[in-house]
Amino acid sequence: MAKIIAIINEKGGVGKTATATSLAHLLAKKGYNTALIDFDGQGHSSITLGVKNPNLLKMTINTIIRKIIEDEPLPAPDSYIIKSKSGVDLIPSNYQLFTLERNLCNVDFRERILSQYVNTIKGDYDYIIIDCMPQMGTPMINVMMCADSIIIPTQSELLSTQGLSELLRHYQLVKQNSNNKLKISGILITMDSANTNLSAQVKDMLQNSFAGSISIFQTCIPRSIKVAEAVGHHKTICEYIPDNPAAVAYEEFVEEFLKNELSSKRKELSAVG
Ligand SMILES: Nc1ncnc2c1ncn2[C@@H]1O[C@H](COP(=O)(O)OP(=O)(O)OP(=O)(O)O)[C@@H](O)[C@H]1O
Ligand SMILES: [Mg+2]
């Protein structure tokens, strides 16, 4: 059964999509069967993984969710899952997903619609990565209801870290009331300008605010214009320029993430045994 990893921060432009697509690509490269659900109407993960114009797509995550809401049979996965060149199976998205919050508002068990879908493909993958939209609300609660863990990308700027307390409040509520397996893998600092005072201050602030409750990945992703350039070529930075410092950092981040996963699995097993 796949591990579901959600990439969440309600702040926009903090590196969620760059992280989701790089993580998914690097996991696939390591041989894990990996899918990525683009859960943002902007369709940025879809674009990065090769879709030229997501708004022309006939079937997206929104189509699937509509079918679950209407209690209609789901289409065969082959008919909508895009096998991207990065090795990742993409469940794409487009602007139609902007209507999701409204479409869910009168639906019974509306927080569990995405879980119903994910359960249908969970057996086919080792990892399912969910790239999230930059706002809280019912769609994000849906994500937290089906995720095993959350990665929170944040820029090393004060404004990017401001929404974290609100995100943590939602996380605690979902964990206590509905999805007690949910955990936070960690905060990932992105677009870092190392050796600046601001970067050091924000890292200290994060350590002081969250140390003990949330871990902060040791790996930081440096700022590089090539990350944005890669998107124009429909590639992750790791495919586009593998030896770029941001690509190397994403490789290190994935190693750190997998090492942490393994050690928490060992802890769980020894607690049971
Ligand atoms: N390490 C980096 N260095 C420089 N630019 C980056 C880096 N990571 C991402 N970017 C660029 O910054 C912009 C925002 O990144 P990204 O789209 O990953 O953020 P996001 O959190 O997904 O945004 P949104 O909230 O709009 O979905 C994009 O143009 C992206 O190419
Ligand atoms: Mg994004």
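Reader: How many residues of helix α6 are buried?

Author: Helices (H or I, at least four residues) are DSSP runs numbered from the N terminus, and buried means under 20% relative accessible area, exposed over 50% and partly exposed in between (1.4 Å probe, protein chains only). In this predicted model, α6 covers residues 138-146, and nine of its nine residues are buried. Among them are P139, M140, N142 and C146.

Reader: Which residues have the most contacts inside the largest nonpolar core?

Author: A nonpolar core is a set of buried Ala, Val, Leu, Ile, Met, Phe, Trp, Tyr and Cys residues joined through side-chain atoms within 4.5 Å. The largest one here has 52 residues, and F39, L114 and Y117 have the most contacts inside it. To this core α6 gives the most, with six residues. Apart from it lies another core of 30 residues, including L90 and F253.

Reader: With which residues is L114 in contact?

Author: Contact means heavy atoms within 4.5 Å. Neighbours within four places in sequence aside, L114 touches F39, I61, I65, I130, N142, V143 and C146.

Reader: Why does C132 form no disulfide?

Author: A disulfide is a pair of cysteine sulfur atoms within 2.5 Å. The whole structure has zero disulfides. The closest cysteine sulfur to that of C132 lies in C146, 8.8 Å away, which is too far for a bond. C132 is buried, at 1% relative accessible area.

Reader: On what basis were these values computed?

Author: Local features need pLDDT of at least 70, side-chain atom pairs count only at pLDDT 80 or more, and totals for chains, interfaces and linings use all residues. Side-chain values use heavy atoms, without hydrogens and water, and residues are numbered from 1 along each chain as its sequence is written.

Terms used: Chains are lettered from A and ligands numbered from 1 in the order in which they are written. Helices (H or I, at least four residues) and strands (E, at least two) are DSSP runs, numbered from the N terminus.
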